[in-house]
Amino acid sequence: MQSPSQSVLLVVLALPFLAAAVAPLVYRLVGERVAYFGAAVAALAFGLIGTQYGAEGVVSIPWIPSLDVSLALYVDGLSLLLGFVVSGIGILIFTYSGGYMHDEPGKAKFYTTLLVFMGAMLGVAFAADLLALFVFWELTSVSSFILIGHYQDDPDSQYAARKAMIITVAGGLFLLIAFLLLHTVSADVMGTATFRLAGEGSMIENAGAMREGLRSAGLFVPVLGLLAVGAAAKSAQVPLHIWLPNAMEAPTPVSAFLHSATMVKAGVYLIGRFRPLLGSAEWELLFAGLGLLTMTVGAMLAIKADDIKELLAYSTASHLGLIVAGFGIQYKYGAETGAFHILNHALFKAALFLVAGIVAHEAGSRLLSELGGLWRDLPITAAVAVVAALGMAGLPPFNGFYSKELLFEATFHAAEHAGGLWWLLPVVAVFGSIFTFLYSIKFLSLFFGDRPDALEHVHSPPLPMLAPPVILATLAGVIGLGGIGGTLGIHFWPLEAFINRILESVGASEPHFGYYLPTSLTPAAGMSAITVGVGAVAYPYYDRLAAVVDRLASIKPLSPNWYYDGIMNWLDRTGVVAERLHTGRIRTYASWLLVGVAALTIGGYVAAGVVLPALSSITLAAPIIIVLGVAVVAALAVTIAPSHVAGVLTLSILGFMVAIFYILANAPDLALTQLVIETLVLVLFLLVLNKLPAFYGDLKRRQIVTDTIISGVVGVTVFLTVLVSTAATPGKPIYTYFLERGGVPTEHGQWLLEWGGGSNIVNVILVDFRAFDTMGEISVVAMAALSIITMIAMRQRGETQ
Amino acid sequence: MSGESTPSTTDAETAVPQVTDGDTTVIARTVVRIVVPIILLVAIALLLQGHNQPGGGFIAGVLTTTGIALVYIIYGLHYVEDNLLSGTILPRSFPLDVGDTGSESSASITKEFGEVFTIGLIIAAGGGVAAMALGYPFLTQAVVFLEHLPIYGEVEIASALVFDLGVYVVVVGGLLTILAVVGNE
């Protein structure tokens, strides 16, 4: 295997973000055709990832070398899979949006966020470093938040976006803790602490030692649990699945892209990625159990849904459960289930969402009870739906059948070996699959049966909306045909070779993947037969089953939503957030910030055992004492100034005293700056003074006491910091470096590059040695001016532009 | 800089009715007229000598802003706008709701200053990029000594001056924006 190309990977990663930056501009130029610009970007990314198909390994770009953080990118089967899925489905989704978003508001924002999301998702796929992975991970949550809340003024959208944000981002924080623990343990195991997950000198390379290290530190189960929470929040596993059905408030392309094909795959991707590192008996118990539970609960909830998007959302959670269960089971079929089903599910579920979008768009309803017999109006869409939904149902020879068959085999094998309660695994798997079969057939009832009279004329969808689901269903169909070929001995080798590579990256040794229709009555084939048989018998009782599930789901303590809403309402009612933290008043934020900073600083000193320097070692000349004395008096006088003008003027006494102090301390540059700044601030103050109220009302005693304490604490902290930091005397102070190089050497040529070449060392540092910092500072000045413009000058313009 | 303020003497008569901050005295106005050019001159001197003596782009920028702030306070915002900024009331590319006269003037003036600090950033970054074009890292600075010049003898020219000029322009633009916006309130 050749090693991957650093430049290609960097371009793949940077491309969507750069495209996102120019997307609003492109929108201005070409209007809604910006969708095809997005599709082109996705296609380019897809092509570039394709060039890396033969590569494997890690490339590293140093990022924060002093902390050993680098942007390391890793290419292997699993990351290629996710990369292909994200960019490939991205092409189709952007194309589809070109038709779907025709009448929708906020297109520029929509496409920009979608591009950012695609970049973040590619980052998740290729990141080899835990910190980079975390950053991209949270970025996908944030972009998902914006996309779910696309209809900003709709309360349902707001609720859904907030819910998704809280659950997925909070899950990400669990992940962060797990990553930090792994980082700590890696120091003991490998000698140096590393964040590197995959590749050379990484945690996965030393997986056995890492497991030992984690166990001896007693951290194995906690790390496993933290990872599981993070992954479950992202991949909508029970009981954290509740955000996914609400997320369907987003426009349908978003649901198809983020909430079925890619973002929710991040969690299962993570589980697959960590499988070789943490695979163990606990791993199997946790993820096989979690996955099968989610698979069953999701499938049961799906049959009570009347809205087709809600049905698909629950079904997504259910299928993600299937993948998680697959990755959970340590037997080789487990890995095969997970790897194969990621691909299969992405294909058929994205197609079904796009079908749902077409139906909603053209027939004007998303409710199963209002729709039926649409195949006459939408024949191509119906064909797509048949291929995709039968794949979802797991009927042979459609693609979902093979991966479900693998799951059955894996669960059966696990039960056969462990015995006892493990027999629950195959039973639950079959039980969940029956419901999957039921709702898949129900979905197809959109297109068959009687056409309700109330349904008005249904338009045919435009080509950009029709082509993407057709392509997806064709691919799903081809995978299904590959299985038929496999049965006849003609193997679909490109796919099988690719799956083998994925299996290697999820920890299977010497994978030998092949898929075909069962030719003899294996246990798995029997389980499939039971699923289909019971499903077919139960279908006539669909409505009754749905009513039962509905009744079960309405038992409040069984519903995670009840807990979520309960906590949120409690926070609202008690005012913990609204009255203590987010009051909307600057003084509250300032107090929390200042107290927090002071507490952290003092805590840091205590933890590090900092000793205060002896005060007697400080000697001051008489002039400085006088100047500082005046400054202190001025500072005290400010607090009792009778009017604003007097206060401001007294404050500037303090400022000018500081300037004089600088002069006495031989710092003319600082003194000059202080003088002019002080003057300017005085002027600014005088400009706004007459706008301020002269009288603020009486202060409460409690307010005075808390404010005094806060300002006291902050003052003491700053004082201590100055004392401690100035007491340290490094062996070779940093200024000697600048002094040696700042001036003009006595012998010099006409050009001087190595040296600063100026006798004002302060300025030479500013514009030469540390020019990059100064560049940042002037950008901040520009930024501050811009924000003042936005805050004050444009506030009356509102948001209607 | 001082060239720009010369129209103030000729337009003084017409400018008086536009004074918004009202009751400034003749003394203040006269003093400002004399002092401001000196302030601006000092600021430029600080900018130029910064490499070898106290000074530099930041200080010079703040000092320039202070000078212009004096004009603001004494003559009012509209005076500066009409006479120093060639009478632009409505900016070229800054659409605003007509009728909201209060924010019109501020918007036009902030637009001008917005352009100023953008130019500053371009100057500062451009100097750095120029170093890259010559094959050195971003923001590498050099010094060239020109010898045997008439009158001056040897003169040292630092490329850092370009960067400092960028700093100066950004600070002037940024602070004047803030001043104009806040002052207009």
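This passage describes chain B, its contact with chain A, and two contacts inside chain A. The model is predicted, local features need pLDDT of at least 70, side-chain atom pairs count only at pLDDT 80 or more, and totals for chains, interfaces and linings use all residues. Residues are numbered from 1 along each chain as its sequence is written, and chains are lettered from A in the order in which they are written.

Chain B holds eight helices and two strands, where helices (H or I, at least four residues) and strands (E, at least two) are DSSP runs numbered from the N terminus. Their order from the N terminus is α-α-α-α-α-α-α-β-β-α. Of the 185 residues in chain B, 40% are buried, a residue being buried if 20 or more other C-beta atoms, placed from the backbone, lie within 10 Å of its own.

In the contact between the chains, 51 residues belong to chain B and 42 residues to chain A; two residues are in contact if their C-beta atoms, placed from the backbone, lie within 7 Å. On the side of chain B that touches chain A, at least two residues each come from helix 5 (57-75), helix 7 (101-133), strand 1 (143-149), strand 2 (153-158) and helix 8 (160-184). Helix 8 of chain B gives the largest share, 15 residues. This side of chain B has 28 nonpolar, 18 polar and five charged residues. Here Ala, Val, Leu, Ile, Met, Phe, Trp, Tyr, Cys and Pro count as nonpolar, Asp, Glu, Lys and Arg as charged, and the others, Gly among them, as polar. Strand 3 of chain A (residues 751-752) also pairs with strand 1 of chain B, antiparallel and over two bridges; pairing requires that DSSP finds at least two bridges between two strands. A:Leu752 has B:Val143 as its bridge partner in strand 1 of chain B.

Within chain A, the domain assignment (automatic or from a database) gives domain 1 (1-170 + 246-274) and domain 2 (279-582). Their C-alpha centres lie 23 Å apart. The contact between them takes 27 residues from domain 1 of chain A and 37 residues from domain 2 of chain A. Helix 3 (77-100) of chain A is one of the elements supplying at least two residues of the domain 1 side, and the largest share of that side, 12 residues, comes from helix 3 of chain A.

Helix 12 (residues 281-303) and helix 21 (residues 542-553) of chain A also meet. A:Met300, A:Leu301 and A:Ile303 in helix 12 of chain A touch residues in helix 21 of chain A, among them A:Tyr542 and A:Leu545. This contact has eight nonpolar, no polar and no charged residues.

Terms used
A residue is buried if 20 or more other C-beta atoms lie within 10 Å of its own, exposed if 12 or fewer, and partly exposed in between; C-beta atoms are placed from the backbone.
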